[in-house]
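The following exercises concern confidence, contacts, ring pairs and helix packing in a protein model. Each task is followed by a solution in steps.

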Amino acid sequence: YQRRVHGALNKFFYPELAVVLPRALYCQSPIVCCCRHRRHRRHRRVLDFHFQFLRSNTFIHATIIIFPYAPVDSSEEEADTHMVPTQRREISLTEWQRRLDGVKITKRHLDRMVMDYLVIEGHRDAAERFQIESGVSAGVDLDAISDRVAVRDALLEGNIGDAISRINELEPELLDKDEVLYFRLRKQQFVEIVRSGNMESSLEFAEEELVPLTEAHPEFLDGLESAMALLAFPDPEQSPLKSLMDRNQRQKLAHEVNGALLEMQCQEKESKIPALMKMLLWAQNKLAETTQYPRMVDLASGRLEGE
């Protein structure tokens, strides 16, 4: 079924949109399609049938949005060229609201997305309470969430050595397999030593930990040189390389490590809610290119323009 729907997207819709399907099947994302020709709209019934099957078997919510095009003659239809809308379409608030009301999303789907967010972002206590209240299983050992949170907290506090020890206890093979991540952790550990102001310890750490890594992986050399350059400035946090000292680097590294741990545990690296928000903003911008419609101006409340 996946192959048949994918083929239909390639044949009757813009081919580049066909690559969206595999992602939608696993992340429950909506699908936005632009019809090539007016005569191909009849194939929407076929796609709807297939999507209905996929929804019932993979728990996705797939939505097809087809943008209308101006009528074309038969010779243009047979030419298999992309048509461009001749004029901007307008959709009233009432009509838009009616269409939104026609999209049915079950409470089960919403509960599943909330649980997905709580588990991936490491909110163990909230996930435990929500599991009891909603009846939706977390699908993972909640103790593993606490372990990931401990790693994240250590990274955010700048205790990189402690974080590495915890990672090795939780997933012993991770840093052996992901050498780029291991180098980033050691580089951040070097930055934290520089932050403490101990130049002697910084040089000793670089010689013992970073240099051997660059010898085995020359591609890490640029990262080592930029980090070592911090020692050339009396106040690294006010130097041209101050971005390396930014505490946001801890947050980025913690996010990357959290995703790597989730992947090792055969879980999604990213929660679906932020991904859907990004897709919503992208879809609104794309639709605004051809259609005047009530945009969602407040993502938190769902308020539409003109309400």
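**Exercise 1. State which residues D111 contacts beyond its neighbours within four places in sequence, and whether D111 is buried or exposed.**

Step 1. Contact is defined as heavy atoms within 4.5 Å. With neighbours within four places in sequence left aside, D111 touches F130, S134 and V136.

Step 2. D111 belongs to helix α6 (residues 107–120); helices are DSSP runs of H or I with at least four residues, strands are runs of E with at least two, and both are numbered from the N terminus.

Step 3. The relative accessibility of D111 is 10%, so this residue counts as buried (buried is under 20% relative accessible area, exposed over 50%, partly exposed in between, with a 1.4 Å probe and protein chains only).

**Exercise 2. Determine where the confidence of the model is low.**

Step 1. The model is predicted: local features need pLDDT of at least 70 and side-chain atom pairs count only at pLDDT 80 or more, whereas totals for chains, interfaces and linings use all residues. Residues are numbered from 1 along each chain as its sequence is written, and side-chain values use heavy atoms, without hydrogens and water.

Step 2. pLDDT is the predictor's confidence in each residue, from 0 to 100. The protein chain has a mean pLDDT of 77, with 72% of its residues at 70 or more.

Step 3. Over residues 11–42 pLDDT stays under 50, and over residues 53–85 pLDDT also stays under 50. Where pLDDT is low, predicted coordinates should not be read in detail.

**Exercise 3. Classify the aromatic pairs found in the whole structure.**

Step 1. Rings of Phe, Tyr and Trp (its six-membered ring) pair if their centres lie within 6.5 Å; planes under 30 degrees apart are stacked, over 60 edge-to-face, and the rest tilted. The search finds two aromatic pairs.

Step 2. The ring centres of W96 and Y293 are 4.9 Å apart and the planes stand at 40°, so this pair is tilted. W96 and Y293 are 197 residues apart, and both are buried.

Step 3. The ring centres of F183 and F220 are 4.5 Å apart with planes at 10°, so this pair is stacked. F183 lies in helix α11 (residues 179–196) and F220 in the loop between α12 (199–216) and α13 (221–228), so the pair ties together parts 37 residues apart in sequence.

Step 4. F183, at 6% relative accessibility, counts as buried; F220, at 7%, likewise counts as buried.
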